[in-house]
Amino acid sequence: MMKFDAHAHSIVSDGTQSPAALIETAAAAGLDFIALTDHDTDAGIAEARRAGENSGVEVIAGIEMSSTYGGISAHILAYLPDSKNPELEQVLTRIRHSRVTRAWQMAQNLAVDYPNANWEQFDSSGDRPWGRPHLADALVAAGYFSNRDEAFTWALSPKGPYYVHQWSPTPPEAVEVIRRAHGVPVLAHPFSARRRALPEAVVAEMVEAGLFGIERDHREHDSRARFRADRLAQGANLETTGGSDYHGAGKPNRLGENLTAPEVLEKILEQGYSGRK
Ligand code: AMP
Ligand code: FE
Ligand code: FE
Ligand code: ZN
């Protein structure tokens with residue numbers, strides 16, 4: 001059986017392995033296809049593709065784009081977009097800039113109560129998609145928490161006193177931008193118990209805007225969430241996907257623990273800009 005893991009992160013965003021090392025791990029896990037889906041950037045794709053050519057793993061170019069609706073954050077996977085599309089580039093650059101500003105603001109808030117962490121690293125005008133996992137790593141390195149998960153339960157929670165929002169487009173806008181760049185948009189982990197779900201009306205707008213599918217098979221989806229995903233997919237004529245959401249050592253998720261069907265990969269390759277070489 002052909003194995004396609006449609007969701008993985010490298011150190012280019014908040015994973016812990018280089019794109020090349022990620023591909024080696026994918027080969028060892030017996031994957032045939034892997035989508036590299038770093039948060040708000042495709043900067044790791046070229047390295048991953050080169051590594052893939054040597055190891056027999058085919059890399060599907062992806063991005064996990066941030067979006068926000070009324071304080072609810074939703075992640076949208078974009079497969080095989082035209083990476084040179086100016087509108088897509090502009091939106092992603094704006095999100096990353098907002099991430100840099102926001103990481104610095106949160107670092108300053110956290111420094112009041114957690115002074116011994118290396119907060120200076122976030123004081124840059126760089127273009128990295130800094131996220132809360134990086135702030136978590138700084139807290140862990142300074143000995144305040146024993147892992148990312150512990151840092152998230154209080155210090156980095158939106159309900160905690162240090163949290164700062166970042167800018168991102170609304171979910172329907174994100175779908176439109178991805179489709180205009182000839183990418184294939186999939187709503188990531190829509191029913192994760194760890195996050196607030198989007199209102200149904202917003203998902204309907206996303207469908208209207210050209211949503212391709214929803215991620216059904218994901219570690220944060222229990223059987224009830226998967227059932228809801230099936231019902232939504234049937235009602236709105238959407239495809240369902242699966243992926244590990246691998247973050248290296250940053251999360252327990254293992255490559256290949258959830259997979260996407262070959263027929264769905266086939267459609268992604270047909271609809272994506274850079275599907276066929
Ligand atoms: P941000 O986009 O900066 O708000 O951070 C959200 C990211 O943090 C998600 O995409 C996950 O990759 C990661 N994350 C969320 N909760 C946890 C957790 N409990 N442990 C480790 N990583 C987490
Ligand atoms: Fe992440
Ligand atoms: Fe996500
Ligand atoms: Zn992810």
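**Ligand 1 and the two iron sites**

In this model, an oxygen atom of ligand 1 lies 3.0 Å from a polar side-chain atom of D14. I begin with that contact, and I should state at once that the model is predicted.

Two further polar contacts of ligand 1 deserve mention. The side chain of R194 places an N or O atom 2.7 Å from a nitrogen atom of the ligand. The side chain of K251 has an N or O atom 3.4 Å from an oxygen atom of ligand 1. Taken on its own, ligand 1 has 500 Å² of accessible area, and the protein covers 89% of that.

Where does ligand 1 sit? It occupies the largest pocket. Three elements each give two or more residues to the shell around it: α3, spanning 86-113, α4, spanning 132-141, and α5, spanning 148-153. Of these, α5 supplies the largest share, with 3 residues.

Let me turn to the composition of that shell. There are 15 residues around ligand 1, and those that come nearest are R102, R132, D149, R194 and H247. By class, the shell divides into 8 charged, 5 polar and 2 nonpolar residues.

I now come to the metals, starting with the iron ion that is ligand 2. Which residues coordinate it? Its donors are D14, listed twice through OD, together with H39 and H247, each through NE2, at 2.0 to 2.8 Å. D14 therefore appears in both parts of this talk: as a donor to the iron ion (ligand 2), and as a polar contact of ligand 1. H247 likewise is a donor here and is among the residues that come nearest to ligand 1. Along the chain, the donors follow the spacing D-x24-H-x207-H. H39 belongs to strand β2, residues 33-39, whereas H247 lies in the loop between β7 (239-242) and α9 (262-271), so this pair ties together parts that are 208 residues apart in sequence.

The other iron ion is ligand 3. Its protein donors are E64 through OE, H75 through ND1 and H189 through NE2, at 2.0 to 2.3 Å. Here the spacing along the chain reads E-x10-H-x113-H. E64 is part of strand β3, residues 58-69, and H75 is part of strand β4, residues 72-79; the pair therefore ties together parts that are 11 residues apart in sequence.

How far apart are the two iron ions, ligand 2 and ligand 3? The separation in the model is 5.5 Å.

Notes: Residues numbered from 1 in each chain as written. Chains lettered and ligands numbered in written order. Predicted model: local features only at pLDDT ≥ 70, side-chain atom pairs only at ≥ 80, totals over all residues. Heavy atoms only, no water. Near = heavy atom within 4 Å. Polar contact = N/O pair within 3.5 Å; in protein donor to acceptor, adjacent residues only side chain to side chain. Areas by Shrake-Rupley, 256 points an atom, 1.4 Å probe, with all protein chains shown as cover. 1 Å grid on protein atoms, 1.4 Å probe; cavity = no way out; pocket = protein on both sides within 12 Å on 5 of 7 lines; lining within 4 Å. Sits in = over half its atoms within 2 Å of the grid points. Helix = DSSP H or I, 4+ residues; strand = E, 2+ residues; numbered from the N terminus. Nonpolar A, V, L, I, M, F, W, Y, C, P; charged D, E, K, R; others polar. Donors = N, O, S within 2.8 Å, 3.2 Å for Na, K, Ca; no water.
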